[in-house]
Amino acid sequence: ILDNKPVFLGISEILKISTENTKQVLLLELQIKLKELEEKWQLLTLERIFIENRIYRQIEEIESWEEVLNVIHRELLPYEGDLIRKIVHADLIQLTEIKIKKITRYDLDREKEKIHAVEDLIKDTKYHINHLVDYAVNYFKNIKKEHGIGQFRKTDIKIFDKIVASKVAIA
């Protein structure tokens, strides 16, 4: 069915349409993955800035919740240009929820490695988006590799006896 109308197509046309649909689904998945990775990078970077610059110490004595958020935002503003997106209210709240245990055990080098790993994943994902055909070909090859050779049927094929209607009626 194309454009809500039945159509008779050959195998080649069906394969082309199916492949294009798969490419679009893969593109959407890659875009979602990219957004998730960028959000993760944003949060890790904000945490690093928050802890590395000891912003948490400036809010220890403040009693007003709004003032706490304002101080955090003001201290992070100089770094906003280095971030993927602008700092939003939810980011500030997430920073206030960092546990003291995490702050005291914060390993700057390890966290920078995490950020670098996320940056590599972002770079790879952008590459896959820009080279979608190659990514789709590898996707199909991977399906064959994972679900093809060595995968055996889990059901049994049996031949059934001939069914005689009169015997079924009697039973």
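# Exercises on salt bridges, rings and helix faces

Lys-114 has a relative accessibility of 40% and therefore counts as partly exposed. The exercises below start from this residue, and they all refer to a predicted model.

**Exercise 1.** Determine with which residue Lys-114 forms a salt bridge, how the two are placed in helix α6, and whether the partner is buried or exposed.

*Solution.* Step one is to find the partner: Lys-114 forms a salt bridge with Glu-111, and the closest N and O atoms of the two are 3.5 Å apart, which is within the 4 Å that the definition of a salt bridge allows. Step two is to place the pair in the chain, where both residues belong to helix α6 and stand 3 residues apart, about one turn of the helix. In general, an α-helix has 3.6 residues a turn, so residues three or four places apart point the same way. Step three concerns the cover of the partner: Glu-111 has a relative accessibility of 4%, so it counts as buried, because the limit for that class is under 20%. Step four asks what Glu-111 touches once its neighbours within four places in sequence are left aside, and the contacts are then Leu-44 and Tyr-106. Helix α6 itself covers residues 108-130.

**Exercise 2.** Work out how many salt bridges the count gives, and describe the one that joins Arg-85 to Glu-39.

*Solution.* The count comes to 8 salt bridges. In the bridge asked for, the side chains of Arg-85 and Glu-39 meet with an N to O distance of 2.8 Å. This pair links distant parts of the chain, with Arg-85 in the loop between α3 and α4, Glu-39 in helix α1, and their positions 46 residues apart. Next comes accessibility: Arg-85 counts as partly exposed because its relative accessibility is 24%, and Glu-39, with a relative accessible area of 40%, is partly exposed as well. For contrast in position, one may take the bridge in which the side chains of Glu-75 and Arg-74 meet at 4.0 Å, N to O; here Glu-75 is partly exposed at 25%, and Arg-74 is partly exposed at 47%.

**Exercise 3.** Find the aromatic pairs in the whole structure and classify each by the angle between its ring planes.

*Solution.* The search finds 2 aromatic pairs. For Phe-50 and Tyr-56, the ring centres lie 6.2 Å apart and the planes stand at 55°, so the pair is tilted, the edge-to-face class being reserved for planes over 60 degrees apart. Phe-50 and Tyr-56 are both buried. The pair of Tyr-139 and Phe-140 is edge-to-face, with 5.7 Å from centre to centre and 70° between the planes. As for cover, Tyr-139 counts as partly exposed because its relative accessibility is 34%, while Phe-140 falls in the partly exposed class with 37%.

**Exercise 4.** Decide which residues of helix α4 are buried and where they lie around the helix axis.

*Solution.* Helix α4, which runs over residues 89-96, has Asp-91, Leu-92 and Leu-95 as its buried residues. Seen down the axis of α4, these buried residues fall within an arc of 100°, so they line one face of the helix. The last step is to ask what covers them, and the elements that do so include α1 and α3, the latter spanning residues 65-76.

**Exercise 5.** Identify which residues have a positive phi without being glycine, and say where each lies.

*Solution.* One of them is Asn-4, which has a positive phi of about 60° although it is not a glycine. Asn-4 lies in the segment before α1 and is exposed, since its relative accessible area is 76%. Another is Arg-54, a residue that is not a glycine and yet has a positive phi of about 50°. Arg-54 belongs to the loop between α1 and α2 (55-58), and its relative accessibility of 44% means that it counts as partly exposed.

Note on methods. Residues are numbered from 1 along each chain as its sequence is written. This is a predicted model: local features need pLDDT of at least 70, side-chain atom pairs count only at pLDDT 80 or more; totals for chains, interfaces and linings use all residues. Side-chain values use heavy atoms; hydrogens and water are left out. Rings of Phe, Tyr and Trp (its six-membered ring) pair if their centres lie within 6.5 Å; planes under 30 degrees apart count as stacked, over 60 as edge-to-face and the rest as tilted. Buried means under 20% relative accessible area, exposed over 50%, partly exposed in between (1.4 Å probe, protein chains only). Helices (H or I, at least four residues) and strands (E, at least two) are DSSP runs, numbered from the N terminus. The arc is that of the directions from the helix axis to the C-beta atoms. Contact means heavy atoms within 4.5 Å.
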